[in-house]
Amino acid sequence: MIEKILLAALLLLSLALLLRLLRGKRYAHGWPARFIASPAFLQTPEWRRVRYDVLRVNDGRCELCGRNKHQLPPGEYLNIDHIQSRRARPDLALDVTNLAVLCSADNAGKGNRYADDWRHPSHPHRPRG
Ligand SMILES: [Zn+2]
């Protein structure tokens, strides 16, 4: 009798583990890494909110050149850069400690090639080492 119960429990546990494995890892709001890396992520209200908070704390200025949107030439705009890319660190995609304001020109230079953090050491969102 006890063996049957143990066997059933073991079976259920393996089934749960298998389902979890098939479903893939989920991050904030239950989003899979594939969604976080996609352009659709940038349209979510969750991202828009965090994005605005980052712009607000930065006085709407690029970390590198210090320009605000009124000082950018036509066609250039402000980006909120993922210091560590959404693909590399989906877990940090909505984390202000991983976000920095960069103008489109500076962000295009960085791309996903580097994880450079240009924020001042005293920046309120910069993790303290
Ligand atoms: Zn800039």
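This tour moves from the whole chain to its paired strands, the nonpolar core and one arginine in a loop.

**The whole chain**

Begin with the complete C-alpha trace, bearing in mind that the model is predicted. Along its principal axes the trace spans about 75 × 35 × 25 Å. The radius of gyration is 21 Å, whereas a compact globule of 129 residues would have a value near 14 Å. Colour the protein by secondary structure next: four helices and two strands appear, and from the N terminus on their order is α-α-α-β-β-α. Colouring by burial instead marks 17% of the 129 residues as buried. For contacts between residues at least 6 apart in sequence, 60% join residues that are at least 24 apart.

**The strand pair**

Select residues 78–82, which form strand E1, together with E2; the two strands pair in the antiparallel sense over five bridges. To check the register, display His-82, which stands opposite Leu-99 in E2.

Now restrict the selection to residues 99–103, the extent of strand E2. Five of the five residues in E2 are buried. Turn the view to inspect each face of E2: Leu-99, Val-101 and Cys-103 lie on one side, Ala-100 and Leu-102 on the other, and both faces are covered.

Centre on Ala-100 and show its surroundings. Leaving aside residues up to four places away in sequence, Ala-100 touches Glu-63, Asp-81, Ile-83, Asp-117, Trp-118 and Arg-119.

**The nonpolar core**

Extend the selection to Cys-62, Leu-78, Ile-80, Ile-83, Leu-99, Ala-100, Val-101, Leu-102 and Cys-103; these nine residues constitute the largest nonpolar core. E1 and E2 each supply at least two residues of this core, and the largest share, five residues, comes from E2. In soluble globular proteins, nonpolar side chains tend to be buried together.

**Arg-86 in the loop**

Move next to the loop between E1 and E2 and select Arg-86 there. Is Arg-86 buried or exposed? Arg-86 is buried, because 22 other C-beta atoms lie within 10 Å and the cut-off for a buried residue is 20 or more. Which residues does Arg-86 touch, not counting those up to four places away in sequence? They are Ile-36, Ala-37, Phe-41 and Ala-93.

As a last stop, add Arg-61 to the selection and draw a C-alpha to C-alpha distance to Arg-86: the two residues are 22 Å apart in space and 25 residues apart in sequence.

Key: Residues numbered from 1 in each chain as written. Predicted model: local features only at pLDDT ≥ 70, side-chain atom pairs only at ≥ 80, totals over all residues. Buried ≥ 20, exposed ≤ 12 C-beta atoms within 10 Å, placed from the backbone. Pairing = 2+ DSSP bridges. Core = buried A, V, L, I, M, F, W, Y, C linked by C-beta atoms within 7 Å. Contact = placed C-beta atoms within 7 Å. Rg over C-alpha atoms; globule rule 2.2 N^0.38 Å.
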